[in-house]
Amino acid sequence: MYIDKVKVGQNIRKIRKAKDMTLKELSSNICSITKLSNIENGIGEISLDDLEKFCIKLNISIQDLLPKSEKFFLDQSRVAFAKIEDFIRMGFHDIAESKIEKLVDDEMLLPLQINYLKALNNYEIRNYHSAMYFLFEMIKEKHSIELEKELISKAFNLIGIIYNKLGDYSSAQEMFEKAINSSTNKQWTNLVLYNLVVVFATKGQVIDARFKIGEIISSHFPYQQKIRYISTILDVLEGDYNQSIEKIFELRNEFFQLKEFDSFLRTIIFFIYIYDKHPKIFNNYLIEVESFILDMSEIKRIPENTNPILVANLLQTMTLHFLKQKDLKKADQYLKLAFDLAEKHPNESMNAITYYLAAIIHNQSESDKETQLVYLKKALKQIEFGQPSVLKGLILYELAKIEEIKDSYWKQAADNFFDSMLINNYFNHINLSMLMPQMLY
């Protein structure tokens, strides 16, 4: 961004004198007295680093030194930026894209603002590769203007969220820590601290998660229900099940009243998580879960702003649960609901598990190899190309089992892998990441 060095120099002198500081005092440990004198007279170049150091000594922000025209530009760009951000969050991605291009032509946005909005738009449509491209473009250089610092912190935060979604929790933690170091206000710092709490909780690091919760200033954080929910999950990880159930019931009602349907669904999945660990104690809560799903048995009744991946996870989890219980009738009941959802969102990778479960249920109920092959191949197509995963290994195993007759060492190895996965419950559809509420950005 262009800065009028004459006006900035005049403002430095004016504020310095108002604070009764000498040239020597202000220039100390920053530059020579001569250089500062030249800067104040508008004949010397000033770097953003030096400008920031002067601001720290004068106890002002860089924007206080800018001419009114530049302040007006920054205010206007903030307003335009916020409007496009709202369009993106509401799902109007095409409109947001066209508005970004228009503001680029009108030179109403800073390059960092443009890159962040493009990254956010790509993130919302789950195009993580493109989102990462724009975000890494943002953090290449050091920035000193307050608005730019805000954007860099937002960039680090969004990179952390993407890493978390991809299961790279160490990289996510690193990015959130960088976002905190770049943060310019307490409210934003709290938000990033919350995301760091989610990472630690997902990794099962209870002490670290509780420590970060303690750093969040409650007066600057409006999402207290989410913090209480994560704290309850931490209680469960420490073995406190009985009181946790009661807390989750209270939070479930609060989330529903607040129309936080994403978090509400996660509390339902939480009950299944508890059931799998203590089936005798928590059998009544599984009935609660079944009752809820039956009430919303028509997918059309699910609120529009609910994450379809989360709904699919819930239905797939119930299908898998009853499949393990050898209750094929109930398993098939939930699978049909998952198929309804797959029809509404045909291109989602989440459908891979639905088709895989369909193949397993079909094998146990009818043993029709042709139909099994169709489902397994559909499942394989839904997984991103070249992406290794336990699910992909299981699908390939089932395909090999149908098409390969010889009892080779490869087949024995695959049999051993498959049996050990089921016996040790490694392929448990419910994990801590599924229980965690959405991250904030």
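Start with the whole chain in cartoon: you'll find 23 helices and zero strands, taken as DSSP runs (H or I, at least four residues, for helices; E, at least two, for strands) and numbered from the N terminus. This is a predicted model, where local features need pLDDT of at least 70 and side-chain atom pairs pLDDT 80 or more, while totals for chains, interfaces and linings use all residues. Residues are numbered from 1 along each chain as its sequence is written, and side-chain values use heavy atoms, with hydrogens and water left out.

Switch on the surface. It comes to about 23000 Å², with 51% belonging to carbon and sulfur atoms (Shrake-Rupley, 1.4 Å probe). Of the 441 residues, 48% count as buried, meaning under 20% relative accessible area, with exposed over 50% and partly exposed in between.

Next, select residues 369-382, helix α20. Its 14 residues should span 20 Å at 1.5 Å a residue, and the end C-alpha atoms are indeed 20 Å apart; the expected span is 1.5 Å times one less than the number of residues. Now colour Q372, L373, L376, A379 and Q382, the buried residues of α20. Their cover includes α19 (351-365) and α21 (390-403).

Hop to F92, in the loop between α5 (68-89) and α6 (93-105). F92 is partly exposed, at 39% relative accessible area. Add M90 and I95, and you have a nonpolar surface patch with about 290 Å² of accessible area together; patch members have over 30% relative accessible area and no salt bridge, with nonpolar side chains joined within 5 Å (a salt bridge being a Lys or Arg side-chain nitrogen within 4 Å of an Asp or Glu carboxyl oxygen).

Last stop, cysteines: C31 is buried at 17%, and C55 is buried at 4%.

Technical notes
Buried < 20%, exposed > 50% of the residue type's maximum accessible area, 1.4 Å probe, protein only. Contact = heavy atoms within 4.5 Å. Patch = residues over 30% accessible without salt bridge, like charges linked within 9 Å, V, L, I, M, F, W, Y side chains within 5 Å.
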